[in-house]
Amino acid sequence: MTLKPLLSRLLVVLMISMAGIALAAPTQKHDAKADAKAAKTEANESGKAMEMPKAEVPGEVLLAPGADVKFPDESPSGGSDVATEAVDPNPNSKKEEGGPMHSAIKWILFIVLILFVGVLLQLNNVIGLLGEVSGKAAVNWGKWNPRIMLIFMLGFLFATIWEMDHDSQWFLPESAAEHGKDIDYMFDMTTWFILIVFFITQFALFYFPYKYRHNPEKRAYFYAHNDKLEIIWTVIPAIALAVMITGGLKVWNAITAPPPPGTQNIEVYAFQFGWKARYPGVDKELGKHNFRLINGENDLGVDWTDGKSHDDIITQEIHLPVNVLVNFKYRAKDVIHSAYMPYFRSQINVVPGVPTNFWLKPTITTSEMREILQKKGRKNAAVWDYYMFCNKICGSAHYNMKIKMVVETQAEYDKWLNAQKATYVSMNEPEAPAAPAETTPAPADSTKKDKKIALLN
Ligand SMILES: [Cu+2]
């Protein structure tokens with residue numbers, strides 16, 4: 001054995017380290033450049049915009065202070081007031097966080113990390129070669145590997161427990177719908193079962209290499225096959241899965257069964273990018289609809305020749321009385337959407353041409369849920385609201401597709417519903433003079449405005 005391979009390995013380690021340092025050095029230069037640029041932007045904002053030279057980065061636009069810039073993605077999504085409010089009023093704030101410089105630094109750090117791993121591997125080779133040169137192993141890995149495994153196991157299991165405890169703050173509060181209790185029970189059971197299995201298997205995975213670590217005085221026992229063991233570790237998981245799946249199917253069948261007779265129907269209509277709700281009027285029946293009737297004036301394609309549609313109310317908020325069953329009848333105009341109500345533990349696809357439905361009984365009013373969230377320390381709990389979200393990536397403004405839901409007492413609900421005017425009636429009302437209409441105070445909710453939007457659409 002000559003020293004040649006050892007020296008060549010050391011040379012490789014040296015070269016990789018040098019490359020890493022060389023790559024890391026410009027990172028600091030870039031930072032300095034970014035700082036200078038930030039200072040420039042600050043000066044720009046303090047009223048010296050006119051004196052500044054043109055932006056150095058291609059495509060970057062220097063903005064006058066307080067300039068009202070319209071971004072293409074900011075266009076109102078389907079006329080939903082709530083959705084429009086949710087748009088970040090200062091899109092620039094997000095741009096400052098990222099940027100090409102930021103990602104370049106990330107990439108350089110990533111490459112340096114890879115090179116560091118390369119250095120460690122090469123060092124390992126060097127240690128091996130040193131052992132060959134000296135004729136004696138430099139490190140007894142048979143002794144150290146099992147110990148490192150035990151340390152890793154303790155760190156890994158501790159990190160798992162910490163993460164579970166830390167992130168549990170993001171868990172949803174108790175279900176606001178009756179059927180949700182069953183879903184939560186299933187979720188908890190499954191999670192606990194998996195956790196127990198996880199801790200047992202992870203302990204075994206790391207402890208056994210330690211227990212049966214290399215010992216020159218012992219000889220390994222050749223143990224190829226055991227039918228009994230095979231049966232045990234096949235049958236136990238099979239039974240566990242069968243129990244979980246049967247329980248899940250039972251709950252699923254119960255919540256997807258046809259709604260009990262007399263359940264109040266509300267039609268929920270999804271489109272790119274928003275929602276509308278249609279309440280049956282005093283006749284408690286929704287009028288017919290047909291996609292061929294969808295046009296600029298009839299967004300939902302309601303068949304106005306059907307007398308049952310004349311008292312239907314199209315709204316842009318979903319109001320529900322507490323402790324009363326409601327059946328959502330879903331329709332989609334354009335692409336597949338998904339009606340997602342996390343607090344009610346409900347989600348179902350909304351598919352064009354394939355009506356779907358989901359019935360539930362809300363049990364916690366909006367104001368009660370605000371109190372629950374307040375106790376959990378949620379920020380802005382006093383102005384929190386239920387929403388139905390779209391949970392199917394359906395296009396560019398999907399992220400903004402939601403409709404406010406209000407769960408209230410029966411008396412509050414009746415008051416709200418009585419204040420709504422049938423869409424057909426308001427459509428056929430003579431147009432009020434424009435100027436005085438503008439000066440009238442806004443209604444308590446957005447429904448009146450919605451009718452206007454429905455007409456304009
Ligand atoms: Cu959608």
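In the predicted model, strand 9 (residues 386–390) and strand 10 (residues 402–408) are paired in the antiparallel sense through 4 bridges. Within this pairing, Tyr-386 has Met-405 of strand 10 as its bridge partner. Strand 9 also pairs with strand 6 (337–341), again in an antiparallel arrangement, here joined by 2 bridges. In that second pairing, Cys-390 of strand 9 stands opposite Ala-339. In a regular strand, side chains point alternately to the two faces of the sheet. Strand 9 has a covered face formed by Tyr-386, Met-388 and Cys-390, whereas Tyr-387 and Phe-389 make up the uncovered face. Two residues of the covered face thus recur in the bridges described above: Tyr-386 is the partner of Met-405, and Cys-390 is set against Ala-339.

An open sheet comprises 5 strands in the order 3-2-1-5-8, and its pairing is mixed. Strand 3 (313–315) and strand 8 (356–360) occupy the edges; each has a single partner strand, so one side of each lacks a neighbour in the sheet. From one strand to the next, the twist averages 25°. Strand 1 (residues 264–271) and strand 5 (residues 326–332) run parallel and are joined by 7 bridges. One of the paired positions is Val-268, whose bridge partner in strand 5 is Tyr-330.

Several loops linked to these strands show notable backbone geometry. Between strand 1 and strand 2 (274–279), the loop includes Phe-273, and the peptide bond from Gln-272 to Phe-273 is cis, with omega near 5°. The loop between strand 4 (318–321) and strand 5 contains Asn-323, a residue other than glycine whose phi is positive, near 60°. Asn-323 counts as partly exposed because 14 C-beta neighbours lie inside 10 Å. A positive phi, near 50°, is also found at Arg-345, likewise a residue other than glycine. Arg-345 is placed in the loop between strand 6 and strand 7 (346–350), and it counts as buried because it has 20 C-beta neighbours inside 10 Å.

The helical part of the model was examined through two packed pairs that share helix 6. Two packed helices are described by the angle between their axes and by the distance between those axes. Helix 5 (residues 141–167) and helix 6 have axes that come within 7 Å and cross at roughly 160°. Helix 5 is therefore roughly antiparallel to helix 6. The crossing of these two helices is left-handed. On the side of helix 5, Pro-146, Met-149, Leu-150, Phe-152, Met-153 and Leu-157 take part, meeting Phe-199, Gln-202, Phe-203, Phe-206, Pro-209 and Tyr-210 of helix 6. By class, this contact has 11 nonpolar residues, 1 polar residue and no charged residues.

Helix 6 (residues 180–211) also packs with helix 7 (residues 227–256), at an angle of about 170° and with the axes 10 Å apart. Helix 6 is therefore roughly antiparallel to helix 7. This crossing, too, is left-handed. Helix 6 contributes Asp-182, Ile-183, Met-186, Thr-190 and Phe-193 to the contact, while helix 7 contributes Ala-240, Met-244, Gly-247, Gly-248 and Val-251. The contact of helix 6 with helix 7 has 6 nonpolar, 3 polar and 1 charged residues.

Methods: Residues are numbered from 1 along each chain as its sequence is written. This is a predicted model: local features need pLDDT of at least 70, side-chain atom pairs count only at pLDDT 80 or more; totals for chains, interfaces and linings use all residues. Axes are lines fitted to C-alpha atoms, for helices over the stretch in contact, and angles run from 0 to 180 degrees between N-to-C directions. Angles under 35 degrees count as roughly parallel, over 145 as roughly antiparallel, 65 to 115 as roughly perpendicular and the rest as oblique. A crossing is left-handed if the near helix is turned anticlockwise from the far one by less than a right angle, and right-handed if clockwise. Two residues are in contact if their C-beta atoms, placed from the backbone, lie within 7 Å. Ala, Val, Leu, Ile, Met, Phe, Trp, Tyr, Cys and Pro count as nonpolar, Asp, Glu, Lys and Arg as charged, and the others, Gly among them, as polar. Two strands pair if DSSP finds at least two bridges between them. A residue is buried if 20 or more other C-beta atoms lie within 10 Å of its own, exposed if 12 or fewer, and partly exposed in between; C-beta atoms are placed from the backbone.
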